[in-house]
Amino acid sequence: MPAPSIAGSRRVRSADGAVVFTLVPTARGVAVERVLVHGGNVVSQVVAFADAESFHRWCDANPMRFENPSIHVEVTRDGDAIILRQGVQDRLAR
């Protein structure tokens, strides 16, 4: 996943660094990498979304919603901002 130095990218991490979300604008919407560090193991998941509806479904199904609500709010807000900037909703409505 590209570093957040790409224009419009955001990185959100938990206070203990056990979970890190990197949100990157794409031509079609937003790509999200979630990295979990637990007991010396690292798990990475990368997903891409072309619309806010599917992005919200993914966020709401993610355990972070309950484990760390402030991270959930920040990731959702940042993803929405990226999707809006990319103009995805306008393209999909046509």
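The points below go through a predicted model, from its confidence scores to its sheet, helices and salt bridges.

1. Confidence. The protein chain has an average pLDDT of 86, and 87% of the residues score at least 70. Among the elements of the chain, E4 has the highest mean pLDDT, at 95, and helix H4 (residues 88–93) the lowest, at 47. Over residues 89–94 the pLDDT stays under 50, and the model gives this stretch eight contacts beyond four places in sequence. Where pLDDT is low, the predicted coordinates should not be read in detail.

2. The sheet. Four strands make up an open sheet, in the order E1-E2-E3-E4 and with antiparallel pairing. E1 and E4 are the edge strands, each pairing on one side only. Neighbouring strands of this sheet are turned against each other by 15° on average, with direction ignored.

3. E2 and E3. Strand E2 (residues 19–25) runs antiparallel to strand E3 (residues 30–38), and seven bridges join the two. Two pairs can be used to check the register: Val20 has Val35 in E3 as its bridge partner, and Pro25 stands opposite Val30 in E3. The hairpin of E2 and E3 has four residues between the strands, and Gly29 takes a positive phi near 160° there.

4. E3 and E4. The pairing of E3 with strand E4 (residues 41–49) is also described by its bridges: there are nine, in the antiparallel sense. Ala31 has Ala48 in E4 as its bridge partner. The hairpin that E3 and E4 form has two residues between the strands, and Gly39 in the turn has a positive phi of about 55°.

5. Helices on the sheet. H1 lies across E2, E3 and E4 and runs at about 155° to E4. H3 packs on the sheet as well, where it touches E1, E2 and E3; the direction of H3 makes about 10° with that of E2.

6. Geometry of H3. Does the length of helix H3 agree or disagree with its residue count? Helix H3 covers residues 69–86, which is 18 residues, and at 1.5 Å a residue these should span 26 Å. The end C-alpha atoms of H3 are 26 Å apart, so the model agrees with the expected span. Just after H3, Gly87 takes a positive phi of about 70°.

7. Burial in H3. The buried residues in H3 are Ile71, His72, Val75, Thr76, Asp78, Gly79, Ile82 and Ile83. Asp78 in this list has a relative accessible area of 7%, and because the limit for buried is under 20%, Asp78 counts as buried.

8. Salt bridges between H3 and E1. The structure holds four salt bridges. In one of them the side chains of Glu74 and Arg10 meet at 3.3 Å, N to O. Glu74 is in helix H3 and Arg10 in strand E1 (residues 10–13), so this pair links distant parts of the chain, 64 residues apart. The side chain of Arg10 also meets that of Asp78 in a salt bridge, at 2.9 Å, N to O. With Arg10 in strand E1 and Asp78 in helix H3, this pair ties together parts that are 68 residues apart in sequence.

9. Exposure of these partners. Arg10 is partly exposed, with a relative accessible area of 33%. Glu74 is also partly exposed, with a relative accessible area of 26%. Asp78, by contrast, is buried.

10. A salt bridge within H1. Where do Glu53 and Arg57 lie? Both are in helix H1 (residues 52–61), four residues apart, which is about one turn of the helix. Their side chains meet in a salt bridge of 3.0 Å, N to O. Glu53 and Arg57 are both exposed.

11. The network. Salt bridges that share partners join Arg10, Glu74, Arg77 and Asp78 into one network.

Notes: Residues are numbered from 1 along each chain as its sequence is written. This is a predicted model: local features need pLDDT of at least 70, side-chain atom pairs count only at pLDDT 80 or more; totals for chains, interfaces and linings use all residues. Side-chain values use heavy atoms; hydrogens and water are left out. The expected span of a helix is 1.5 Å times one less than its number of residues. Buried means under 20% relative accessible area, exposed over 50%, partly exposed in between (1.4 Å probe, protein chains only). Two strands pair if DSSP finds at least two bridges between them. pLDDT is the predictor's confidence in each residue, from 0 to 100. Contact means heavy atoms within 4.5 Å. Axes are lines fitted to C-alpha atoms, for helices over the stretch in contact, and angles run from 0 to 180 degrees between N-to-C directions.
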